[in-house]
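This report looks at salt bridges, a pocket and one helical residue in turn. The sequence and structure come first.

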Amino acid sequence: MKKSIHFIPSSLVCSVAIDLTVEDGVIREVCFEGGCSGNLQGISMLVRGMKIERLEGIQCGSKRTSCPDQLVKALKEIEGC
């Protein structure tokens, strides 16, 4: 089953929104709004076809979260985990 979500991440990260589509537990599309453009474009391309767990817990400097970690939170929300 294909599901899509518009997720507003923590204010601790640079991105202001994450749009994503998941189908049968696999990431199909990801688009970050705001943040470090090159890094987030790279993350979006790399995570297509992946399962959720590999990005959880990544920190950005001294912040307790990061854009990849917020992506996991969005994925868990869309999957109902």
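A residue is called buried when its relative accessible area is under 20%, exposed when the value is over 50%, and partly exposed in between. Because its relative accessible area is 28%, Glu23 falls in the partly exposed class. The model discussed here is a predicted one, and the values below are computed from it.

**Salt bridges**

A search of the whole structure finds 3 salt bridges, which are set out in the table with the separation of the closest nitrogen and oxygen atoms.

| Basic residue | Acidic residue | N to O distance |
|---|---|---|
| Arg28 | Glu23 | 3.7 Å |
| Lys76 | Glu56 | 2.6 Å |
| Lys73 | Asp69 | 3.7 Å |

In the pair formed by Glu23 and Arg28, the arginine is also partly exposed, with a relative accessible area of 38%.

The salt bridge between Lys76 and Glu56 has its closest N and O atoms 2.6 Å apart. Lys76 belongs to helix 2, whereas Glu56 sits in the loop between helix 1 and helix 2, so this pair ties together parts that are 20 residues apart in sequence. Both partners count as partly exposed, Lys76 because its relative accessibility is 30% and Glu56 because its relative accessible area is 43%.

The side chains of Lys73 and Asp69 also meet in a salt bridge, and because these two residues are 4 residues apart in helix 2, about one helical turn separates them. Here Lys73 is partly exposed at 42% relative accessible area, while Asp69 is buried at 6%.

**The largest pocket**

The largest pocket has a volume of about 180 Å³. Its lining is made up of 14 residues, and those that lie nearest the centre are Cys36, Cys60, Ser66, Cys67 and Pro68. Helix 1 and helix 2, the latter spanning residues 67-79, are the elements that give two or more residues to this lining, and helix 1 gives the most, with 3 residues. Sorted by class, the lining of the largest pocket holds 10 nonpolar, 3 polar and 1 charged residues.

**Ser44 in helix 1**

Ser44 is placed in helix 1, which covers residues 37-47. Is Ser44 buried or exposed? Its relative accessibility is 6%, and therefore Ser44 counts as buried, the cut-off for that class being under 20%. Leaving aside residues up to four places away in sequence, Ser44 touches Val30, Cys31 and Phe32.

Conventions
Residues numbered from 1 in each chain as written. Predicted model: local features only at pLDDT ≥ 70, side-chain atom pairs only at ≥ 80, totals over all residues. Heavy atoms only, no water. Buried < 20%, exposed > 50% of the residue type's maximum accessible area, 1.4 Å probe, protein only. Contact = heavy atoms within 4.5 Å. 1 Å grid on protein atoms, 1.4 Å probe; cavity = no way out; pocket = protein on both sides within 12 Å on 5 of 7 lines; lining within 4 Å. Points joined across faces, edges and corners; volume = space filled by probe spheres on them. Nonpolar A, V, L, I, M, F, W, Y, C, P; charged D, E, K, R; others polar. Salt bridge = Lys/Arg side-chain N within 4 Å of Asp/Glu carboxyl O.
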